[in-house]
Amino acid sequence: MSLSIGVIGTGYVGLVSGVCFAEQGNTVWCMDVDTEKVTHLRQGKSTIYEPGLEPMLQRNVHEGRLHFTDDLRMAVRNATVIFLCLPTPPDEDGSADVRYVLQTAEDIAAIVREENLGGRRIIVTRSTVPVGTSDKVREIFRRVAPDADLRVASNPEFMSEGNAVQETLAPDRVVIGSSDPEVVAVLRELYRPFVNDYDRPLIVMDEKSAEVTKYASNAFLALRISFMNELSRYCEAVGADVEFVRLGMSFDPRIGRRYLHPGIGFGGSCLPKDIRALSRSAQEAGAPLRLVEWTDRINREQLERFVNRIRERFGGSIAGRRFAVWGLAFKPNSDDVREAPSLKVIAALLGDGATICAYDPEAIETARRVVGERIEYARDMYHALVGADALIIATEWGEFRSPDWQRMKTALRGHVIFDGRNLWNPDELAARGFEYYAIGRRSYAP
Ligand SMILES: NC(=O)c1ccc[n+]([C@@H]2O[C@H](COP(=O)([O-])OP(=O)(O)OC[C@H]3O[C@@H](n4cnc5c(N)ncnc54)[C@H](O)[C@@H]3O)[C@@H](O)[C@H]2O)c1
C-alpha cells in the first residue's frame with residue numbers, strides 16, 4: 001500500500017530516507033528550513049555525496065513521487081506518517097540537544113489544530129534522541145492539540161554514510177519503538193519492501209528501548225575502534241603488528257570484521273556526539289557507563305598521539321613545515337567532514353605554524369566551508385604532495401591504496417609518510433625508500 005510520507009529535515013538521514021521511501025512507491029514530502037537546499041533538490045541535484053543517491057532522487061522527482069518544500073504546513077497537510085530527521089547536536093555538557101525535535105513536534109501539533117486537520121497522523125522520531133524523548137513529544141501533542149489524533153513512534157536510523165542508500169533499502173534490521181498496535185501495523189506495511197523474516201527483521205519494542213538501542217549500537221561500534229586503537233599502542237610497545245592481530249581476530253565469527261580498524265580515531269556527526277550524550281544520560285541516571293567514557297577518552301588521545309608523533313619527527317617544531325594531507329572526509333565515500341579527524345590534525349598543525357595542501361576526492365567543498373582558505377586544496381592527490389615535507393593519510397579512500405610511487409617520490413620532498421589509516425605494508429614502503437610511520441605497526445624511521 002502506497003503511503004503519504006513527510007520527512008522533516010532533509011540532511012543526510014532525511015534525504016536518503018525520503019528518496020528510498022519514494023523509490024518503494026510512496027509519495028514523499030521532504031521539508032527543510034534551508035531554502036537553498038530545497039531549490040537544489042527540486043532540480044534533482046543531490047546536496048550530499050552518497051553513492052547511488054542522485055539518480056534515484058532524479059527518477060523519483062521526475063515520476064512525481066518525491067516533493068521538496070520549505071513549508072512545514074505542506075508536509076503536515078499531505079502526510080499521514082511524518083519522520084523527524086532533525087539535528088540533535090551536542091549541548092555544552094555533551095547531552096543531546098533535542099530542541100529542534102521538540103519545537104517541530106510543537107509546530108506540527110499547532111498546524112493540525114489551526115487547520116483542523118482530521119485523521120490519524122503518526123510522528124516518527126528518526127533522529128538520534130535521548131531516552132524519554134518520545135514521552136516528551138507525546139506530552140507536547142496532548143498539550144497543543146488535545147483533540148487531534150497524533151501518535152508517536154521511535155524509529156532510529158542505523159545507516160552509515162558512504163553506504164547509506166544500500167543500507168536503507170536493505171537494512172540489517174529496522175527497529176520500531178511503539179506500544180500502539182495501529183502504529184506498528186502502519187510502519188510494518190511501510191517497511192515491508194525493506195525487510196524480510198530471515199536476515200533483515202523488523203523488531204518491535206517499547207519506545208525507550210528503541211531510543212537506547214540506537215545509542216548502545218553506536219557506543220559499541222565506537223568501543224570496538226577504541227579497543228583496537230588502544231591495542232595498537234600495546235602492539236607498538238611490544239613489537240607486534242596490530243594489523244596481523246586484527247586479521248587473526250576478525251575471522252572469528254563471534255568477533256566479526258567491521259569496526260576493528262586501528263587509525264587516528266573515529267569522527268563523523270554521530271559516534272563522537274552519541275557516546276558523549278550516552279555517557280551524560282547514564283551519569284544523570286546514576287548508572288555511569290565507564291567503558292563508554294573511556295571509549296571517548298581513548299579516541300581523543302589517539303589523535304593527539306598521532307599529532308605528537310609528527311611533531312617529534314621534526315624535532316618538536318613544525319613551524320614553517322609543509323604537509324600534504326590525503327583525505328578530508330571523516331570516512332571514504334562521503335563528503336561529510338563533521339568531527340573529521342583530518343580537520344583536527346589540520347587545526348593542530350596550523351596552530352603550530354605549518355602550512356597544508358589537502359586533497360580529497362569528494363570533500364574539498366565541504367571542508368572549505370569549515371577551514372576556508374587557511375589551507376590550500378589540491379586538484380589531485382599528487383599535486384598535494386608538491387614541495388611537502390611529509391604526507392599525512394587521514395582518510396582511507398580506495399584511490400590512495402595503489403598510488404604511482406614514482407610520482408609520489410618525485411613530488412614529495414621529504415619522502416616521509418604518516419599513515420593514520422594503515423594503508424600500506426611498512427616493509428614495502430621502506431623498500432621503496434620512504435620513511436613510514438603507521439599505527440600499531442613497525443615504523444621505518446631514519
Ligand atoms: N548522518 C548519519 O549518518 C546519521 C545516522 C544515523 C542517525 N543520525 C541522526 O539523525 C539526525 C539527523 O542527522 P543528519 O546527519 O541527517 O543531520 P543533517 O544536519 O545532515 O540534516 C539535518 C537537516 O535538518 C534541517 N533542519 C534544521 N532545523 C530544521 C527545522 N526546524 N525544520 C526543518 N528542517 C530543519 C537542516 O537544514 C538539515 O538539512 C541526528 O539526530 C543524527 O544523530 C545521523
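Biologist: Is the crossing of α9 and α10 right-handed or left-handed?
Modeller: The crossing of α9 and α10 is right-handed. The rule is that a crossing is right-handed if the near helix is turned clockwise from the far one by less than a right angle, and left-handed if anticlockwise. By the way, this is a predicted model, where local features need pLDDT of at least 70 and side-chain atom pairs count only at pLDDT 80 or more, while totals for chains, interfaces and linings use all residues. Residues are numbered from 1 along each chain as its sequence is written, and side-chain values use heavy atoms, with hydrogens and water left out.

Biologist: What makes α9 oblique to α10?
Modeller: The axes of α9 (residues 207–238) and α10 cross at roughly 130° and come within 9 Å. That angle makes the α9 and α10 pair oblique, because under 35 degrees counts as roughly parallel, over 145 as roughly antiparallel, 65 to 115 as roughly perpendicular, and the rest as oblique. The axes are lines fitted to C-alpha atoms, over the stretch in contact for helices, with angles from 0 to 180 degrees between N-to-C directions. Helices (H or I, at least four residues) and strands (E, at least two) are DSSP runs, numbered from the N terminus.

Biologist: Why is Phe244 called exposed?
Modeller: Phe244 has 61% relative accessibility, so it counts as exposed. The cut-offs are under 20% relative accessible area for buried, over 50% for exposed, and partly exposed in between (1.4 Å probe, protein chains only). You'll find Phe244 in helix α10, residues 242–250.

Biologist: Which residues join Phe244 in a nonpolar surface patch?
Modeller: Leu247 and Phe251 do, and together the three make a patch of about 350 Å². Patch members have over 30% relative accessible area and no salt bridge; nonpolar side chains (Val, Leu, Ile, Met, Phe, Trp, Tyr) are joined within 5 Å, and like charges within 9 Å. The areas come from the Shrake-Rupley method with a 1.4 Å probe, and for residues only the protein chains shown count as cover.

Biologist: What makes Tyr259 and His415 stand out?
Modeller: Their phi values. Most residues other than glycine have a negative phi. Tyr259 isn't a glycine, yet its phi is positive, near 60°. His415 isn't one either, and its phi is also positive, about 55°.

Biologist: Where do Tyr259 and His415 lie?
Modeller: In loops: Tyr259 is between α10 and α11 (271–284), and His415 is between α15 (405–411) and β13 (416–419). Tyr259, at 24% relative accessibility, is partly exposed, and so is His415 at 25%.

Biologist: How do you know that Arg65 and Glu63 form a salt bridge?
Modeller: Their side chains meet at 2.8 Å, N to O. The test asks for a side-chain nitrogen of Lys or Arg within 4 Å of a carboxyl oxygen of Asp or Glu, so the pair passes. Glu63 is partly exposed, at 44% relative accessible area.

Biologist: How many salt bridges does the whole structure have?
Modeller: A search finds 41. Some are linked: Arg73, Arg77, Arg113, Glu114 and Glu115 form a network of them.

Biologist: What makes the Asp135 and Arg138 pair a within-helix one?
Modeller: Both residues lie in α6 (residues 133–144), 3 residues apart, or about one turn of the helix. Their side chains meet in a salt bridge of 3.2 Å, N to O. Asp135, at 36%, is partly exposed, and Arg138, at 23%, is partly exposed too.

Biologist: What about Arg322 and Glu376: how far apart do their side chains meet?
Modeller: At 2.9 Å, N to O, in a salt bridge. Arg322 is in strand β9 (residues 322–326) and Glu376 in strand β11 (residues 376–377), so the pair ties together parts 54 residues apart in sequence. Arg322 has 18% relative accessibility and therefore counts as buried, while Glu376, at 40%, is partly exposed.

Biologist: Why is Ala378 called buried?
Modeller: Ala378 has just 5% relative accessibility, so it counts as buried. Ala378 sits in the loop between β11 and β12 (390–393). Its C-alpha atom is 5.8 Å from that of Ala358, 20 residues away along the chain.

Biologist: And why is Phe314 called buried?
Modeller: Phe314 comes in at 10%, so it counts as buried. Phe314 is in the loop between α12 (290–313) and β9.
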